[in-house]
Amino acid sequence: MSRMKPLAPPLLLGFESNNSVVTQIARANDGYPPYDIERLRETGGAPERLRITLAVAGFSESELDVSLQANRLIVRGKQTERADGDFLFRGIAARQFQRVFLLAEGMEVLGATLKNGLLSIDLVRPEPAQMVKKINISTAQ
């Protein structure tokens, strides 16, 4: 008896490459920094909006990078060690992180803001166009 992969045929056609992407993203995310994903209230028929908020205390704007590659939202943070200072105890380490979010087709990033140690990234999910296509059936001769 063979085991089916989660995104394998026969039910999900054309998603074979997504299986490797999901595996890759699972390995890239180690739990730091913690984050929230919230659905923002719709206003008067506007498309659905989402907000990802990451706790990035200690990071400045120049130490953070938010980029979109294909359908992946990648948030990176890179702090450098402070050479100055005569520490009696050092408990706050300079850290690096990379957090990857897989976005659905059509999702758009509206912008990102950094306030009080929280990085907020706003996304919009436009309503997909409902399209029905009739497939003609031909008879074999």
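Q: Leaving aside neighbours within four places in sequence, which residues is Leu 110 in contact with, and what makes a pair a contact?
A: Leu 110 is in contact with Arg 49, Asp 122, Leu 123 and Val 124. The term contact means that heavy atoms lie within 4.5 Å. This is a predicted model, in which local features need pLDDT of at least 70 and side-chain atom pairs count only at pLDDT 80 or more, while totals for chains, interfaces and linings use all residues. Residues are numbered from 1 along each chain as its sequence is written, and side-chain values use heavy atoms, with hydrogens and water left out.

Q: How far apart are Leu 110 and Asp 122 in sequence and in space?
A: They are separated by 12 residues in sequence and by 5.3 Å from C-alpha to C-alpha. Leu 110 belongs to strand E6, where a strand is a DSSP run of E of at least two residues and a helix a run of H or I of at least four, both numbered from the N terminus.

Q: In which order do the four strands of the open sheet stand, and what makes two strands a pair?
A: The order is E1-E2-E7-E6, with antiparallel pairing. Two strands pair if DSSP finds at least two bridges between them. E1 and strand E2 (residues 48-55) have six bridges, so they satisfy that definition. Within E2, Arg 51 is the bridge partner of Glu 38.

Q: What makes E1 and strand E6 (108-115) edge strands?
A: Each has a single partner strand, so one side of each is left without a neighbour in the sheet. Neighbouring strands here are turned by 20° against each other on average, direction ignored.

Q: What is the order of the three-stranded open sheet, and which strands stand at its edges?
A: This sheet runs E3-E4-E5 with antiparallel pairing. Strand E3 (64-69) and strand E5 (96-102) stand at the edges, because each has a single partner strand. The twist averages 15° from one strand to the next. E3 and strand E4 (residues 72-78) pair in the antiparallel sense over six bridges, and Leu 64 has Gly 77 as its bridge partner in E4.

Q: Why is the pair of Tyr 32 and Phe 97 called edge-to-face?
A: Rings of Phe, Tyr and Trp (its six-membered ring) pair if their centres lie within 6.5 Å; planes under 30 degrees apart count as stacked, over 60 as edge-to-face and the rest as tilted. Tyr 32 and Phe 97 are 5.9 Å apart centre to centre, with 85° between the planes, so both criteria are met. Tyr 32 lies in the loop between helix H1 (16-28) and strand E1 (35-40), and Phe 97 in strand E5, 65 residues apart. Ring pairs also join Tyr 32, Phe 59 and Phe 97 into a cluster.

Q: How do you know that Phe 101 is buried and Tyr 35 partly exposed?
A: Buried means under 20% relative accessible area, exposed over 50%, and partly exposed in between (1.4 Å probe, protein chains only). Phe 101, at 8%, is therefore buried, and Tyr 35, at 37%, is therefore partly exposed.

Q: What makes Arg 95 a charge over the ring of Tyr 32?
A: The definition requires NZ of Lys or CZ of Arg within 6 Å of the ring centre and within 35 degrees of the ring normal. Arg 95 lies over the face of Tyr 32 at 3.6 Å from the ring centre, so the distance criterion is met. The charged end of Arg 90 likewise sits over the ring of Phe 87, 4.4 Å from its centre.

Key:
Axes fitted to C-alpha atoms, helices over the stretch in contact; angles between N-to-C directions.
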